Amino acid sequence: MPQALSGSLKKTPLNARHRASGARMVEFGGWDMPVEYSGIVDEHHAVRTRAGLFDVSHMGEIEIAGGGALAAVQHITTNDASRLAIGQAQYSALPTPEGTFVDDVLTYRLADDHYMLVVNASNIMKDFNWITAQIAGIGDAVAVNTSSRYALLAIQGPAAKDVLQTLTAIPLDSIKFYWFTTGEVAGVRATVSRTGYTGEDGFEVFVPPASAERVWDAILIAGRAAGVIPAGLGARDTLRLEASMRLYGNDIDETTTVLEADLGWTIGWKKDAFIGADVLRRQKAEGVARKLVGFEVLDRAIARHGHDVYVDGRKAGVVTSGTQTPFLKKAIGMAYVPIDRASAGSELEIDVRGRRVRAHVAPMPFYKRK
Amino acid sequence: MYPPDLKYTKDHEWVKISGAQAHVGITDYAQKQLGDIVYLELPEVGRQLNKGDVFGTIESVKAVSELYSPVSGEVTEVNRGLAEKPEAVNTKPHESWMIIVKVSGDAADLLDAAQYAELTK
């Protein structure tokens, strides 16, 4: 993949830390990001068995505030944000009128009339412009792109809680999965959220950019005895794929609907109209023609993004994500397939650079923590 | 760090020529660029290769790369054991031969260790 000059790329507040530690850097969504430090497999195992520390400051934050904030969030996202208490978060789609994805987001309820969407790095300006246009008619609601106000660190893995606890007075046990609170971490004011993108227990910590290095260093020092290491985008990708979390731009985009992506659980069917509701309700009633499924390759080969899927000798779909997973040691992936081949065990063929290899549909998630 | 008894290519393969036989593998620089190697696809014995031909595929967790033959000749042996444990390419790249080629024609244009080290600086 040709890489742009790093000088033209955006840098997170931790860029110097990554370079000093010898990380391999790549362009990702316009950002100069670490893809690996000690190696993807090593980092992947660390997160599954100990903990890994990720810099995900490239992610964007868009805040929506005002008396109409809830109405605005309900209109632009699929999930039912009225169910969120202050201090709670939910996964949601930012849908187009066709029921496809402008983006996928986490919606945080910061206060009564104040929400924050955490969005994908490559979509920040697209999302912000989209949201601003879509909520213009709602009245008392304003969207602000606050991405530059936050650095975001994710500590993920079974040791995450105990390591982070040594740096904060927040009782981390009291934060439930998909809840968050505010307090100090390593003497820095922070928002601490029990969320992640790895399939492990862990926390995402929002801090001011100027304090990011201090918190990064503190977590690595506090975690040294427990074997906590920095982890890059490479491990983040293999971890999220084992946990069957969708990646925007690969598994979901503006051509795939929320139901095709098998994310119907993110749709608040009981709420009033939202963008794309008509299409999604119709698809729910009539059924979808294709669906995103997990698969496991049966022959010795690795299916990857963009490889064609064949059913009965005919091209019938496409692989959206695929890799050899370091932990499960299998070639797995996700693909869109015809609905009559979407059940577990259905046989598929995948064209891996001209060679047809056998695969079958496998239940997701591939990995679930005990 | 690059063994002086091996020759190298700009495509980051190494070749160890002894008489008419050439062992072929990839360099330490190549394995570092690839990262954790998880899959190796090698040719059948008897395959005729011209210098620069693709003789196989190597995949890491994150990338796929083709393998180019540094010499012309016939594949006389394939390291099936390595294909079963391709991660050895990461740990011992210069000992992990992939194929043996019975060299036909000359093996010019290969780099020596110092030239290759300079190339990958």
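**Exercise 1. Contacts in chain B**

What percentage of the contacts in chain B with a separation of 6 or more comes from residues 24 or more positions apart?

Solution. This is a predicted model: local features need pLDDT of at least 70, side-chain atom pairs count only at pLDDT 80 or more, and totals for chains, interfaces and linings use all residues. Residues are numbered from 1 along each chain as its sequence is written, with chains lettered from A and ligands numbered from 1 in the order in which they are written.

- Step 1. Take the contact criterion: C-beta atoms, placed from the backbone, within 7 Å.
- Step 2. Keep the pairs in chain B with a separation of 6 or more; residues 24 or more positions apart account for 62% of them.
- Step 3. Repeat for chain A. Among its contacts between residues at least 6 apart in sequence, 66% join residues at least 24 apart.

**Exercise 2. Fold content and compactness**

Describe the secondary structure and overall dimensions of each chain.

Solution. Helices (H or I, at least four residues) and strands (E, at least two) are DSSP runs, numbered from the N terminus.

- Step 1. Chain A has eight helices and 19 strands. Its radius of gyration, taken over C-alpha atoms, is 20 Å. The globule rule (2.2 Å times the number of residues to the power 0.38) gives 21 Å for 370 residues, so chain A is as compact as a globular protein of that length.
- Step 2. Chain B has four helices and nine strands. Their order from the N terminus is β-β-β-α-β-β-β-β-β-α-α-β-α. The radius of gyration of chain B is 13 Å, close to the 14 Å of the rule for 121 residues, so chain B is as compact as a globular protein of that length.
- Step 3. Along the principal axes, the C-alpha box is roughly 60 × 50 × 45 Å for chain A and roughly 35 × 35 × 20 Å for chain B.

**Exercise 3. Burial**

Find the buried share of each chain, then examine helix 6 of chain A and B:Ala22.

Solution. A residue is buried if 20 or more other C-beta atoms, placed from the backbone, lie within 10 Å of its own; exposed means 12 or fewer, partly exposed in between.

- Step 1. Buried residues make up 50% of the 370 in chain A and 40% of the 121 in chain B.
- Step 2. In helix 6 (residues 212–222) of chain A, the buried residues are A:Ala212, A:Val215, A:Trp216, A:Ala218 and A:Ile219. Seen down the helix axis, they fall within an arc of 165°, so they line one face. The arc uses directions from the helix axis to the C-beta atoms.
- Step 3. B:Ala22 sits in strand 3 (residues 21–26) of chain B. B:Ala22 has 23 C-beta neighbours inside 10 Å, so it counts as buried. Leaving out residues up to four places away in sequence, its contacts include B:Val15, B:Val71 and B:Val103.

**Exercise 4. Strand 19 of chain A**

Identify the pairing partners of strand 19 (residues 355–362) of chain A.

Solution. Pairing requires at least two DSSP bridges between the strands.

- Step 1. Strand 14 (residues 290–297) of chain A pairs with strand 19 in the antiparallel sense over four bridges. Here A:Val297 stands opposite A:Ala359.
- Step 2. Strand 18 (residues 347–352) of chain A also pairs with strand 19 in the antiparallel sense, over six bridges. A:Ile350 stands opposite A:Val357.
- Step 3. Strands 18 and 19 of chain A form a hairpin with two residues between them. In the turn, A:Arg353 has a positive phi of about 50°.

Definitions and conventions:
Contact = placed C-beta atoms within 7 Å.
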